[in-house]
Amino acid sequence: MPTTNRRVLTLDEFTIREMRAFPQATGELSGLLRDIGLAAKRINVEVNKAGLVDILGDAGKQNVQGEDVKKLDEFANDQMVGVLRHGISCAGIASEELSDFVPFEDKISSQSKYVCMFDPLDGSSNIDVNVSIGTIFSVYRRVTECGIPVTVKDFLQPGNRIVASGYVIYGSSTILVYATKRGVNGFTLDPSIGEFCLSHPDIRCPENGNIYSINHGNFFSFSEGLKKYVELCQTRDKSNGGPYTQRYIGSMVSDVHRGLIKGGIFMYPPTAAKPQGKLRLLYECNPLAYLIEKAGGRATDSKQRILDKVPTKLHERTGFFIGSTKMMDELESFLKEDEEKK
Ligand code: AHG
Ligand code: MN
Ligand code: MN
């Protein structure tokens, strides 16, 4: 009979162990990560039931119990907001699903030094077709004083001020990966005990890879430099690791996770239809950029490091290029040509 491996640390045990290494730590960040872990478990249960939606009733309609069925991204958003509001480690949130930030004004939450931003469900167009989707989050230290309601300033911080960031993927297994300045660790959900268990300690992104990820349907609105880079991926010779493999799921979180583990590059440039880029700086790009950098990789908007961009609005979008350092270096040598031509 298989037995549970008790030498494997759970997410809670791991965050507490990390906290014990810092005698001055208050435990607030550990608490916040545990709250997010709880939301992830609840979202996971609903994601696994998504295929039953046709049996139980579509979003916007009522289920057999006569309750309203929520869209999964709304459900995920409510879970994230709920755990953070009811916890004691977060003074306010901003979410891709909400038009404005939400201060938590009760006495305990407003004393907290952290704010949290998230994309509750990334890749939501994949829900109906059983493809991996995820949740992306980041934690910042607020810039306003503790004790008063948070303001928009607490959220419009560059990514280089992130304290912790990560994501959860609801895939063939459910994994939570998060980064702090101490490194990047991955935890796989063990459904038999309902706990995230440390499965990928100290993740390092390979320096190089041979997988590139981009929406080829947009090829004709890429810049000249980017077109040339993509063509190089396809035509490089065997002795140079080519031709590269192309993979694009349509859930960035899964595409970036593959690059983190196997080495690779993910690109979502500005396009004719979306001249500012499609992906959101605060909810999607910054958290992944922080995490990949902590694992040894890089992320840019083609001109500057993602983490140095100073946001001007909550739902700001950006071009996004992220992955293994050597692939990023090569890509940038092509993108530089575009700049020189301007
Ligand atoms: P979301 O589901 O949160 O709106 O994000 C979807 C994003 C990203 O995850 C994915 O890589 C990209 O949109 C796919 O866009 P295209 O269909 O334009 O390639
Ligand atoms: Mn998204
Ligand atoms: Mn989303």
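**Exercise 1. Identify the protein donors of the manganese ion (ligand 2) in this predicted model, and give their spacing along the chain.**

Solution.
- Step 1: List the donors. Asp 119 (OD), Asp 122 (OD) and Glu 284 (OE) serve the manganese ion (ligand 2).
- Step 2: Check the distances. These donors lie 1.8 to 2.2 Å from the ion. The cut-off for a donor here is 2.8 Å.
- Step 3: Read the spacing. The pattern is D-x2-D-x161-E.
- Step 4: Look at burial. Asp 119 and Asp 122 are both buried.

**Exercise 2. Work out the protein donors of the manganese ion (ligand 3), then find which residue bridges it and the manganese ion (ligand 2).**

Solution.
- Step 1: List the donors. Glu 96 gives OE, Asp 119 gives OD, and Leu 121 gives O.
- Step 2: Check the distances. They lie 2.2 to 2.3 Å from the manganese ion (ligand 3).
- Step 3: Read the spacing. In sequence, the donor residues follow E-x22-D-x1-L.
- Step 4: Find the bridge. Asp 119 bridges the manganese ion (ligand 3) and the manganese ion (ligand 2). The two ions lie 3.6 Å apart.
- Step 5: Look at burial. Leu 121 is buried, as is Asp 119.

**Exercise 3. Describe the surroundings of ligand 1: its nearest residues, polar contacts, burial and shell.**

Solution.
- Step 1: Start with the neighbours. There are 17 residues around ligand 1. Asp 122, Asn 215, Tyr 248, Met 252 and Tyr 268 come nearest. Asp 122 is also a donor of the manganese ion (ligand 2).
- Step 2: Go through the polar side chains. An N or O atom in the side chain of Tyr 248 is 2.5 Å from an oxygen atom of ligand 1. For Tyr 268, a polar side-chain atom lies 2.6 Å from a ligand 1 oxygen. For Arg 280, the distance from a side-chain N or O atom to an oxygen of ligand 1 is 3.3 Å.
- Step 3: Add the burial. Ligand 1 exposes 470 Å² when taken alone, and the protein buries 81% of that.
- Step 4: Map the shell onto elements. E3, strand E11 (265–268) and strand E12 (279–280) each give two or more residues. E3 supplies the largest share, three residues.

**Exercise 4. Locate Val 129, decide whether it counts as buried or exposed, and find its nonpolar patch.**

Solution.
- Step 1: Place the residue. Val 129 sits in the loop between strand E3 (114–122) and strand E4 (133–141).
- Step 2: Apply the cut-off. Exposed means over 50% relative accessible area. Val 129 has 53% relative accessibility, so it counts as exposed.
- Step 3: Find the partners. Val 129, Val 131 and Ile 249 form a nonpolar surface patch. Together they have about 210 Å² of accessible area.

Notes
Residues numbered from 1 in each chain as written. Chains lettered and ligands numbered in written order. Predicted model: local features only at pLDDT ≥ 70, side-chain atom pairs only at ≥ 80, totals over all residues. Heavy atoms only, no water. Donors = N, O, S within 2.8 Å, 3.2 Å for Na, K, Ca; no water. Buried < 20%, exposed > 50% of the residue type's maximum accessible area, 1.4 Å probe, protein only. Patch = residues over 30% accessible without salt bridge, like charges linked within 9 Å, V, L, I, M, F, W, Y side chains within 5 Å. Areas by Shrake-Rupley, 256 points an atom, 1.4 Å probe, with all protein chains shown as cover. Salt bridge = Lys/Arg side-chain N within 4 Å of Asp/Glu carboxyl O. Helix = DSSP H or I, 4+ residues; strand = E, 2+ residues; numbered from the N terminus. Near = heavy atom within 4 Å. Polar contact = N/O pair within 3.5 Å; in protein donor to acceptor, adjacent residues only side chain to side chain.
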